[in-house]
Amino acid sequence: MREGRIFNIQRFSTSDGPGIRTTVFLKGCPLNCAWCHNPEGLSSGFDLVINRDKCIDCGACVAVCPSGQRNACLLCGACVEACPSEARQIMGRAVRAEELMAEIREDRVFFDESGGGVTFSGGEPLSQPEFLVDMLRLCRQAGIHTALDTSGYAPWAVLEEAVKLLDLVLFDIKHLDDHCHETLTGVSNSLILSNLRRLTESATRVWLRMPVIPGCNDDEKNIRGTARLCRDLGIGEIYLLPYHATGTYKYGRLGIDNGLPEIKEPSDDQMNDLATVFCSLGIRAIIGG
Ligand code: SF4
Ligand code: SF4
């Protein structure tokens with residue numbers, strides 16, 4: 001069994017698939033979405049996180065640092081140990097598949113009672129394909145329901161391998177226009193759309209999800225185009241996930257400048273209007289989830 005890199009395990013989640021779920025967040029993502037609320041999942045390696053609100057300017061971190069510069073951080077952890085106010089943290093940890101499985105098994109009773117299970121999220125879980133497949137195999141052996149929360153951006157062979165062991169795919173669709181998609185996420189949408197089509201042609205259970213990002217992908221042309229795509233693919237419903245600004249503070253702590261103007265959270269009325277457009281084209285739109 002292989003080792004993977006994760007940055008969070010969220011227990012008792014009710015928004016990452018059916019029932020009560022344990023969501024495991026894997027490190028590394030090939031996209032760089034302008035609105036990402038989990039920027040600690042972007043890099044495949046670990047990250048130094050600094051919470052300036054806790055810092056008391058004692059200088060202990062500077063005194064022990066062998067590198068002397070944040071942008072040349074060696075991730076040695078010396079400053080984390082030295083900091084008296086817990087202002088520093090190394091984000092991410094390596095974990096072996098069996099170890100992670102033992103943590104997941106602790107929540108088994110909640111899965112059984114609620115029809116829940118485990119969701120692998122990130123980052124992009126398909127960016128650690130061998131570890132993901134090991135985990136899916138262990139979950140299947142244990143009879144635990146599995147879901148994959150994915151951008152769909154991975155070679156088809158990788159997705160196909162994972163899908164053989166998955167119960168559900170939560171597939172994000174972000175923008176139908178290729179140029180806009182590349183501007184907003186850093187990658188073309190052609191592989192994503194091709195993978196989505198192939199998934200829907202297979203027996204895989206797919207929940208299509210669209211993060212609604214005001215000013216980025218909520219224009220009528222994109223919404224109507226997405227509804228038509230659902231119809232073409234035989235998908236009868238879509239989950240609309242309203243943007244939340246809750247993750248923006250993380251960029252500063254990670255030392256990342258996402259360079260974007262502030263994005264406003266959509267109002268309930270805006271979300272309902274979008275849902276109405278989908279419904280008018282025969283697609284049931286569920287807000288949240
Ligand atoms: S982890 Fe801290 S002490 Fe180590 S190199 Fe990075 S900044 Fe310096
Ligand atoms: S050791 Fe911690 S509290 Fe002291 S200056 Fe560094 S980050 Fe701030």
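A residue counts as buried when its relative accessible area is under 20%. Keep that cut-off at hand for this walk through a predicted model.

**Stop 1: two rings from strands β9 and β10**

Select tryptophan 207 first: its relative accessibility is 14%, so it counts as buried. Now add tyrosine 239, which is buried as well because its value is 11%.

Next, turn to the aromatic pairs, of which the structure holds 3. One of them joins phenylalanine 7 and phenylalanine 25, with 5.6 Å from centre to centre and 50° between the planes, a tilted arrangement. Phenylalanine 7 belongs to strand β1 (residues 3–13) and phenylalanine 25 to strand β2 (residues 21–26), 18 residues apart. Both of these phenylalanines are buried.

Back to your first selection: the ring centres of tryptophan 207 and tyrosine 239 are 4.9 Å apart with the planes at 20°, so this pair is stacked. Here the link runs from strand β9 (residues 206–212), home of tryptophan 207, to strand β10 (residues 237–242), home of tyrosine 239, with the two positions 32 residues apart.

**Stop 2: salt bridges**

There are 13 salt bridges in the structure. Pick aspartate 134 and arginine 2, whose closest N and O atoms are 3.1 Å apart. Aspartate 134 lies in helix α5 (residues 129–142) and arginine 2 in the segment before β1, so the bridge ties together parts 132 residues apart in sequence. Aspartate 134 is buried at 4%, while arginine 2, at 41%, counts as partly exposed.

Stay on helix α5 and select arginine 140, which meets aspartate 167 in a salt bridge of 3.4 Å, N to O. Aspartate 167 sits in the loop between α6 (156–163) and β8 (168–172), 27 residues from arginine 140. Arginine 140 is partly exposed at 39%, and aspartate 167 is partly exposed at 28%.

Then move to glutamate 237 and arginine 284, with closest N and O atoms 2.6 Å apart. Which strands does this bridge tie together? Glutamate 237 lies in β10 and arginine 284 in β11 (residues 284–287), 47 residues apart in sequence. Finish with Asp149, Asp172, Lys174 and Arg209, joined into one network by salt bridges that share partners.

**Stop 3: ligand 1**

Finally, centre on ligand 1, which sits in the second largest pocket. Show the residues around it, among them Cys65, Cys73, Cys76, Cys79 and Arg88. By class, the shell has 9 nonpolar, 2 polar and 1 charged residues.

How values were computed: Residues numbered from 1 in each chain as written. Chains lettered and ligands numbered in written order. Predicted model: local features only at pLDDT ≥ 70, side-chain atom pairs only at ≥ 80, totals over all residues. Heavy atoms only, no water. Near = heavy atom within 4 Å. 1 Å grid on protein atoms, 1.4 Å probe; cavity = no way out; pocket = protein on both sides within 12 Å on 5 of 7 lines; lining within 4 Å. Sits in = over half its atoms within 2 Å of the grid points. Nonpolar A, V, L, I, M, F, W, Y, C, P; charged D, E, K, R; others polar. Phe/Tyr/Trp six-rings, centres within 6.5 Å; stacked < 30°, edge-to-face > 60°. Helix = DSSP H or I, 4+ residues; strand = E, 2+ residues; numbered from the N terminus. Buried < 20%, exposed > 50% of the residue type's maximum accessible area, 1.4 Å probe, protein only. Salt bridge = Lys/Arg side-chain N within 4 Å of Asp/Glu carboxyl O.
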